[in-house]
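Welcome! Please take a moment with the sequence and the model below, and then we can walk through them together.

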Amino acid sequence: MLNTYFRVIVGTMVLLSVVLTVYVNPNWMWFTVFIGLNLIQSAFTKWCLLETILRKFGIKNQNNVGCSVKR
């Protein structure tokens, strides 16, 4: 379930930032860059702030998938 929430939230943030870039101000592209850098960072460190926030809201990690899989 955590993986599903994570993907939906990140995908929505990327789409929102692209829409804001096109229709509001090109500087919103930096938000897209920030999201991408955080995804790359989480791949190397196995830690993700969004995952920590979702866990505090009580979202469980099923099937041991997500951005910080414990191996």
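What follows is a short tour, from the overall layout to a few individual residues.

Keep in mind as you look that this is a predicted model. Let us begin with the chain as a whole. It has three helices and zero strands, and reading from the N terminus on, the elements run α-α-α. The chain holds 71 residues, and 23% of them count as buried. You can also ask how contacts are spread along the sequence: among those between residues at least 6 apart, 52% join residues at least 24 apart.

Now turn to a pair of helices. Two packed helices are described by the angle between their axes and the distance between the axes. Here, helix α1 covers residues 2–23 and helix α3 covers residues 49–56. The two pack at an angle of about 125°, and their axes are 10 Å apart. An angle over 115 but not over 145 degrees falls in the oblique class, so α1 and α3 are oblique to each other. The crossing in which α1 passes α3 is right-handed.

Which residues of α1 and α3 meet? From α1 come Leu2, Tyr5, Phe6, Ile9 and Val10, and from α3 come Leu50, Glu51, Leu54 and Arg55. Sorted by class, this contact of α1 with α3 has seven nonpolar residues, two charged ones and no polar ones.

The remaining helix, α2, spans residues 29–45, and threonine 32 lies in it. Is threonine 32 buried or exposed? Its relative accessible area is 19%. Buried means under 20%, so threonine 32 counts as buried. Leaving aside residues up to four places away in sequence, threonine 32 touches Ser17 and Val18. With serine 17 there is a polar contact too, made between the two side chains at 2.5 Å.

Our last stop is the loop between α2 and α3, where you will find lysine 46. Most residues other than glycine have a negative phi. What is the phi of lysine 46? The angle is near 60°, a positive value in a residue that is not glycine. As for its surroundings, lysine 46 has a relative accessibility of 43%. Partly exposed covers the range between under 20% and over 50%, so lysine 46 counts as partly exposed.

To look back over the tour, you have seen a chain of three helices, the oblique pair α1 and α3, buried threonine 32 and the positive phi of lysine 46.

Methods: Residues are numbered from 1 along each chain as its sequence is written. This is a predicted model: local features need pLDDT of at least 70, side-chain atom pairs count only at pLDDT 80 or more; totals for chains, interfaces and linings use all residues. Side-chain values use heavy atoms; hydrogens and water are left out. Axes are lines fitted to C-alpha atoms, for helices over the stretch in contact, and angles run from 0 to 180 degrees between N-to-C directions. Helices (H or I, at least four residues) and strands (E, at least two) are DSSP runs, numbered from the N terminus. Angles under 35 degrees count as roughly parallel, over 145 as roughly antiparallel, 65 to 115 as roughly perpendicular and the rest as oblique. A crossing is left-handed if the near helix is turned anticlockwise from the far one by less than a right angle, and right-handed if clockwise. Contact means heavy atoms within 4.5 Å. Ala, Val, Leu, Ile, Met, Phe, Trp, Tyr, Cys and Pro count as nonpolar, Asp, Glu, Lys and Arg as charged, and the others, Gly among them, as polar. Buried means under 20% relative accessible area, exposed over 50%, partly exposed in between (1.4 Å probe, protein chains only). A polar contact is a pair of N or O atoms within 3.5 Å; within protein, one must be able to donate a hydrogen and the other to accept it, and residues adjacent in sequence count only if both atoms are side-chain atoms.
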